[in-house]
Amino acid sequence: MAAKTTSDPTVRPAPHPTDLTAAFWAATTEGRFLIQRCTRCNAAIFYPRVNCTECGSTELVDEDASGRGTVYTFTVARRPTHRAWAETGPYVIAIVELAEGPHVTTNIVECDPDDVRIGMPVEVCFAPEADGVALPLFRPTG
Ligand SMILES: [Zn+2]
């Protein structure tokens with residue numbers, strides 16, 4: 001069987017780290033979720049950017065997030081949204097509000113999709129991908 005490539009429509013699209021996102025993706029392989037912190041105004045920022053979203057400063061430093069948050073909103077995909085998910089049952093596409101404030105688009109895993117609720121406490125977990133990154137997903141806490 002030939003190796004699957006990222007151009008194979010049955011393979012889940014993987015992130016492609018850039019200079020700006022390389023530190024974030026490297027941290028995911030260590031089970032760490034990085035956000036940025038503005039050293040001028042203290043804003044917490046996700047996803048990795050050049051400028052602070054609040055004050056425009058370029059003085060941003062990486063910081064380990066708590067990995068905890070709550071479900072801000074979600075939907076249950078009952079039909080696959082991509083061929084790579086054709087064999088995946090209903091799954092939850094969500095926006096999680098991190099304890100630090102930023103929102104993260106992700107999946108809620110390790111629970112029945114029908115049990116997900118807005119405001120539900122969740123924590124990050126990581127799904128290793130073939131290309132040397134791990135996808136940050138969230139699961140219910142406790
Ligand atoms: Zn700032």
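This passage describes the zinc site, the aromatic pairs and one buried asparagine of a predicted model. Residues are numbered from 1 along each chain as its sequence is written. Local features need pLDDT of at least 70 and side-chain atom pairs count only at pLDDT 80 or more, while totals for chains, interfaces and linings use all residues; side-chain values use heavy atoms, without hydrogens and water.

The zinc ion has as its protein donors the SG atoms of Cys38, Cys41, Cys52 and Cys55, at 2.3 to 2.4 Å (donors are N, O and S atoms within 2.8 Å of the metal, or 3.2 Å for Na, K and Ca; water is not among the atoms, so sites may look incomplete). The angles among the four donor atoms are 105 to 116°, and the site is tetrahedral (four donors with all angles between 85 and 135 degrees). Along the sequence, the donor residues follow the spacing C-x2-C-x10-C-x2-C. Cys38 in strand β1 (residues 34–38) and Cys55 in the loop between β2 (44–45) and β3 (60–64) are 17 residues apart, and this pair links distant parts of the chain (strands are DSSP runs of E of at least two residues, and helices runs of H or I of at least four, numbered from the N terminus). Cys38 is buried at 2% relative accessible area, whereas Cys55 is partly exposed at 32% (buried means under 20%, exposed over 50% and partly exposed in between, with a 1.4 Å probe and protein chains only).

Five aromatic pairs are found in the whole structure (rings of Phe, Tyr and Trp, the last by its six-membered ring, with centres within 6.5 Å; planes under 30 degrees apart are stacked, over 60 edge-to-face and the rest tilted). Phe24 and Trp25 form an edge-to-face pair, because their planes stand at 80°, with ring centres 5.0 Å apart. The rings of Phe33 and Phe138 are also edge-to-face, with centres 6.3 Å apart and planes at 65°. Phe33 lies in the loop between α1 (22–28) and β1, and Phe138 in strand β8 (residues 134–140), so this pair ties together parts 105 residues apart in sequence. Phe33 is buried at 2%, and Phe138 is buried at 0%. Ring pairs join Phe24, Trp25, Phe33, Phe46 and Phe138 into a cluster.

Asn107 belongs to strand β6 (residues 103–108) and is buried, with 18% relative accessibility. Apart from neighbours within four places in sequence, Asn107 contacts Tyr91, Val92, Ile93, Leu137 and Phe138 (heavy atoms within 4.5 Å).

Technical notes. Tetrahedral: all angles 85-135°; square planar, octahedral: opposite > 155°, others 65-115°.
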